[in-house]
Amino acid sequence: MVEYRIDRRSGVATYVQIVQQTKQALRLGLLEPGDKLPTAREVVEATAINPNTVLKAYRELEREGLVEARRGLGTFVQRSLSTTPADSPLRAELAEWASRAHAAGLGREDVAALFTSVLDDRFGLDEHFKGDQE
């Protein structure tokens, strides 16, 4: 099951953070079709956010065809975005690179900016923005 982490200082709307984290779990294969998302109540208890925020995120995911709400049962994953498993050798290489970046004194935001810059160079800005709309 996915555990949401809300960063109140990020400037990203809370419901968008939930949508993004769900999509990330789908891409990494951590969530698969048939898996149940945490209930709104469980997310509220874990994150201290408004239940309507959770419901808004789940509605967005449903609108995109990623999840389905089943009355009285919960919200379930409909389809995956997974192309690379979480235990991929590429993930291990990226983790090693992140460790080297941290050891070199780079902070999280520095690493994110550097990595995003490389992604934009490699895949172009259009791919970056298209991923946000998935």
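## A walk through a predicted helical and stranded protein

Glu-60 is partly exposed, with a relative accessible area of 22%, and this residue makes a convenient place to enter the structure, which is a predicted model. Glu-60 forms a salt bridge with Arg-63, and the closest N and O atoms of the pair are 2.6 Å apart. Both residues belong to helix 3, where they are three residues apart, or about one turn of the helix. Arg-63, for its part, is exposed, since its relative accessible area of 61% lies over the 50% that marks an exposed residue. Side chains of opposite charge can pair when their charged atoms come close.

From this pair we can step back to the whole chain. The protein has five helices and two strands, and when these elements are read along the sequence they follow the pattern α-α-α-β-β-α-α. The C-alpha trace spans about 50 × 30 × 25 Å along its principal axes, and of the 134 residues in the protein, 25% count as buried. The accessible surface comes to about 9,400 Å², with 51% of that area belonging to carbon and sulfur atoms. Among the contacts with a separation of 6 or more, 57% are made by residues 24 or more positions apart in the sequence.

How many salt bridges does the structure hold? There are four, and the one between Glu-60 and Arg-63 has already been described. Another joins the side chains of Arg-9 and Asp-7, with a distance of 3.9 Å from N to O; in this pair Arg-9 is exposed, at a relative accessible area of 79%, whereas Asp-7 is partly exposed, at 35%. The side chains of Glu-68 and Arg-70 also meet in a salt bridge, at 3.2 Å from N to O, and here Glu-68 is partly exposed with a relative accessible area of 31%, while Arg-70 is partly exposed with 32%.

Asp-7 leads us on to another residue, because Asp-7 is among the residues that Gln-17 touches, not counting those up to four places away in sequence, where touching means having heavy atoms within 4.5 Å. The others are Arg-5, Ile-6, Ser-10 and Val-12. Gln-17 lies in helix 1, which covers residues 14-27, and a polar contact of 3.3 Å joins its side chain to that of Ser-10. Is Gln-17 buried or exposed? Gln-17 counts as buried, because its relative accessible area is 6% and the limit for a buried residue is under 20%.

On the surface, Leu-94, Phe-115, Leu-119 and Phe-123 form a nonpolar patch, with about 340 Å² of accessible area together. The largest share of this patch, three residues, comes from helix 5, which covers residues 108-133. Leu-119 is found in helix 5 and is partly exposed, with a relative accessible area of 31%.

Helix 5 also calls for care when the model is read. The protein averages a pLDDT of 89, and 90% of the residues score at least 70, but confidence is lowest in helix 5, at a mean of 75, and highest in helix 3, at 97. Over residues 127-134 the pLDDT stays under 50, and for this stretch the model has 10 contacts beyond four places in sequence. Where pLDDT is low, the predicted coordinates should not be read in detail.

Methods. Residues are numbered from 1 along each chain as its sequence is written. This is a predicted model: local features need pLDDT of at least 70, side-chain atom pairs count only at pLDDT 80 or more; totals for chains, interfaces and linings use all residues. Side-chain values use heavy atoms; hydrogens and water are left out. Helices (H or I, at least four residues) and strands (E, at least two) are DSSP runs, numbered from the N terminus. Buried means under 20% relative accessible area, exposed over 50%, partly exposed in between (1.4 Å probe, protein chains only). A polar contact is a pair of N or O atoms within 3.5 Å; within protein, one must be able to donate a hydrogen and the other to accept it, and residues adjacent in sequence count only if both atoms are side-chain atoms. Patches are made of residues with over 30% relative accessible area and no salt bridge: like charges are joined within 9 Å, nonpolar side chains (Val, Leu, Ile, Met, Phe, Trp, Tyr) within 5 Å. Accessible areas come from the Shrake-Rupley method with a 1.4 Å probe; for residues, only the protein chains shown count as cover. pLDDT is the predictor's confidence in each residue, from 0 to 100.
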